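I opened the model to look up strand pairing, enclosed space, the core and a few backbone angles. The entries follow in the order I made them.

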Amino acid sequence: ASASTAFAMHTAELNINQYDLEAGLKLDLGQFNTSIEPDTTFVGVTYLKGSSENDSIAGNNNQNEDYIDFNFMIKQNVQSTNFKVGLGIKAVYVSRYQTLDSFISLPIGAEVSYKLPINSAIPISVKALGNYAPKSLSFSDADSFFEFRTEVHAELMNRASLYAGYRNIDTNYENGTDITYNESAYFGVKFAF
């Protein structure tokens with residue numbers, strides 16, 4: 001049976017826009033451990049090289065600092081629907097920016113995916129996710145973290161899809177500096193294996 005890459009096993013993805021590059025890898029722990037149901041528990045890593053064109057830092061003429069996160073999420077199908085929901089946590093690290101120390105936070109996140117109920121040769125799904133870390137989950141010079149994303153996926157072939165999305169990542173610092181690390185639209189490819 002075909003499984004949309006938005007809902008399938010291990011995934012590797014790459015997305016870009018004119019200025020930014022993001023790559024991610026998620027591993028389905030159920031593929032390694034028989035006591036975990038497949039397609040439910042995931043660990044992953046994401047790397048984003050944001051650009052000064054898509055941040056809120058006034059006078060930033062250089063590339064943005066590197067963004068890396070290590071993530072963990074548990075997902076579950078909503079019974080008798082095309083919905084899938086997930087809850088997770090991740091560790092976010094943004095390298096040192098000018099006089100500020102590195103940004104470190106542990107945001108809690110939620111994700112909702114929906115496979116559109118259309119009879120089509122190309123299955124379409126939509127996804128929205130958010131992550132938030134208040135001061136109590138922010139370290140070093142970090143004060144809070146907020147991320148929102150929405151994506152549309154088109155499964156062109158079994159286990160391979162194209163997608164388009166929008167992201168907004170805010171890294172707020174203790175000294176009152178509120179930085180939109182990246183706000184941009186992007187498109188990419190995702191593979192399941």
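**Notebook: strands, cavity, core**

I began with strand 10 and strand 11 (residues 160-173), which pair in the antiparallel sense over 14 bridges. I take two strands as paired if DSSP finds at least two bridges between them. The strands themselves are DSSP runs of E, at least two residues long, and helices are runs of H or I of at least four, all numbered from the N terminus.

I note the basis here: this is a predicted model, in which local features need pLDDT of at least 70 and side-chain atom pairs count only at pLDDT 80 or more, while totals for chains, interfaces and linings use all residues. Residues are numbered from 1 along each chain as its sequence is written, and side-chain values use heavy atoms, with hydrogens and water left out.

**Entry: the hairpin of strands 10 and 11**

I looked at the end of the ladder and found methionine 157 opposite alanine 160 in strand 11. The two strands form a hairpin with two residues between them. Arginine 159, in this turn, has a positive phi of about 70 degrees, although it is not a glycine. I checked its exposure: arginine 159 is partly exposed at 33% relative accessibility. For this I used a 1.4 Å probe on protein chains only, with buried as under 20% relative accessible area, exposed as over 50%, and partly exposed in between.

I then looked for strand 10 elsewhere. Strand 8 (residues 124-133) pairs with strand 10 (residues 142-157) in the antiparallel sense over ten bridges. In that pairing serine 125 stands opposite histidine 153.

**Entry: the chain as a whole**

I counted zero helices and twelve strands. Of the 193 residues, 46% count as buried. I also looked at contacts, meaning heavy atoms within 4.5 Å. Among those between residues at least 6 apart in sequence, 53% join residues at least 24 apart.

**Entry: strand 1**

Which strands does strand 1 pair with? I found six bridges to strand 2, antiparallel, and six bridges to strand 12, also antiparallel. On the strand 2 side, glutamate 13 has glycine 24 as its bridge partner, and the two strands form a hairpin with four residues between them. On the strand 12 side, alanine 12 stands opposite phenylalanine 191.

The side chains of strand 1 alternate. Thr11, Glu13 and Asn15 point to one face and are buried, whereas Ala12, Leu14 and Ile16 point to the other and are not.

**Entry: enclosed space**

I searched a 1 Å grid over the protein atoms alone for cavities, sets of points where a 1.4 Å probe fits but cannot get out; lining residues have an atom within 4 Å of a point. Grid points are joined across faces, edges and corners, and a volume is the space filled by probe spheres set on the points. The count is three cavities of 30 Å³ or more.

The largest cavity holds about 390 Å³. I listed 30 lining residues, of which Lys26, Thr46, Asn71, Lys90 and Leu129 lie nearest its centre. The elements that give two or more residues to this lining are strands 1, 2, 3, 4, 5, 7, 8 and 10.

What kinds of residue line the largest cavity? I sorted them into ten nonpolar, nine polar and eleven charged. Here Ala, Val, Leu, Ile, Met, Phe, Trp, Tyr, Cys and Pro count as nonpolar, Asp, Glu, Lys and Arg as charged, and the others, Gly among them, as polar.

**Entry: nonpolar core**

I took a nonpolar core as a set of buried Ala, Val, Leu, Ile, Met, Phe, Trp, Tyr and Cys residues joined through side-chain atoms within 4.5 Å. The largest has 13 residues, and those with the most contacts inside it are Tyr67, Val92, Val94, Phe103, Phe145, Ile169 and Tyr181. Strands 5, 10, 11 and 12 each give two or more residues to this core. Leaving out residues up to four places away in sequence, I found that phenylalanine 103 touches ten residues' worth of listed neighbours, including Val92, Val94, Phe145 and Tyr173.

**Entry: two single residues**

I looked up serine 80, in the loop between strand 4 and strand 5. Serine 80 has a positive phi of about 60 degrees although it is not a glycine, and it is exposed, with a relative accessible area of 77%.

Lysine 115 is in strand 7 and is partly exposed at 26% relative accessible area. I put its C-alpha 8.8 Å from that of lysine 127, twelve residues away in sequence.

Methods
1 Å grid on protein atoms, 1.4 Å probe; cavity = no way out; pocket = protein on both sides within 12 Å on 5 of 7 lines; lining within 4 Å.
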